[in-house]
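Biologist: I am new to this protein and would like to understand the words used to describe it. Could you show it to me and explain how each label is earned?

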Amino acid sequence: MNSRRAVFRDIRGSNSRAALFDGIEEGGIRATSYSSHEIDEHDNDRAMEGLQDRVNILKRLTGDIHEEVEGHNRMLDRMGNDMDTSRGILSGTVDRFKTVFETKSSRRMATLVASFVALFLLVYYLTK
């Protein structure tokens, strides 16, 4: 209602004859500008709906990417922790080998070699 009053005030304030007959040419009404304006608005509305759909698709896609990245980060963290645990176990084993090789005890060396051969044969037969 307020917008109608503002338009009415604009018409009264300016040249009323020009305001009343704005859009009317001699011999007819300029309907082409109105319809082309309406068609442009309709095209703009369709384009905005298309853009809104694309934005929604991109939003879902970025959400999926975010979830995927978070999952991969969790997996990498677990793998890093597992590698740290393996490194600790391996360093303990290497330390034991160092003590065995440093003492150069023939009995320990024979036991170590026999253990490796037995382990190798066991793995060989289990994988075959």
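Modeller: What follows is a conversation about the labels given to parts of this structure, which is a predicted model.

Biologist: Before the details, what elements does the protein have, and in which order do they run?

Modeller: The protein has four helices and two strands, and from the N terminus on the order of these elements is α-α-β-β-α-α. Of its 128 residues, 2% count as buried, and about 12,100 Å² of the protein is exposed, with carbon and sulfur atoms supplying 59% of that area.

Biologist: What makes the contact of Arg 46 with Asp 43 a salt bridge?

Modeller: The side chains of Arg 46 and Asp 43 meet with N and O 2.4 Å apart, and a salt bridge asks for a side-chain nitrogen of Lys or Arg within 4 Å of a carboxyl oxygen of Asp or Glu, so the pair earns the name. Both residues lie in helix 3, three residues apart, which is about one turn of the helix.

Biologist: Why are Arg 46 and Asp 43 called partly exposed?

Modeller: Arg 46 has a relative accessibility of 48% and Asp 43 has a relative accessible area of 33%. Buried means under 20% and exposed means over 50%, with partly exposed in between, so both residues take the middle label.

Biologist: How many salt bridges does a search of the whole structure find, and what does Arg 87 pair with?

Modeller: The search finds two, and Arg 87 forms a salt bridge with Asp 84, where the closest N and O atoms are 3.1 Å apart. Arg 87 and Asp 84 also lie in helix 3, three residues apart, about one turn of the helix.

Biologist: Why is Arg 87 called exposed, while Asp 84 is called partly exposed?

Modeller: The relative accessible area of Arg 87 is 53%, and the label exposed applies over 50%, so Arg 87 is exposed. Asp 84, at 44% relative accessibility, lies between the cut-offs of 20% and 50% and therefore counts as partly exposed.

Biologist: Which residues gather in the patch of negative charge, and how do you know that Glu 49 is accessible enough to belong to it?

Modeller: Asp 40, Glu 41, Asp 45, Glu 49 and Asp 53 gather in that patch on the surface. Patch residues need over 30% relative accessible area, and Glu 49 has 49%, so Glu 49 meets that condition. Glu 49 lies in helix 3, which covers residues 31-103.

Biologist: What makes up the nonpolar surface patch, and why can Val 117 be part of it?

Modeller: Val 113, Val 117, Phe 120, Leu 121, Tyr 124 and Tyr 125 make a nonpolar surface patch of about 630 Å². Val 117, found in helix 4 (residues 106-127), has 45% relative accessibility, so this residue passes the 30% cut-off for patches while counting as partly exposed.

Biologist: Which residues does the UniProt annotation "transmembrane region" cover?

Modeller: That annotation, from an unreviewed UniProt entry, covers residues 109-127; in the model this span is 100% helix and 0% strand, with its end C-alpha atoms 27 Å apart.

How values were computed:
Residues numbered from 1 in each chain as written. Predicted model: local features only at pLDDT ≥ 70, side-chain atom pairs only at ≥ 80, totals over all residues. Heavy atoms only, no water. Patch = residues over 30% accessible without salt bridge, like charges linked within 9 Å, V, L, I, M, F, W, Y side chains within 5 Å. Areas by Shrake-Rupley, 256 points an atom, 1.4 Å probe, with all protein chains shown as cover. Lys, Arg positive; Asp, Glu negative; His and termini not counted. Charge placed at Lys NZ, Arg CZ, Asp CG, Glu CD. Buried < 20%, exposed > 50% of the residue type's maximum accessible area, 1.4 Å probe, protein only. UniProt positions renumbered as here; feature names shortened; annotations may be inferred.
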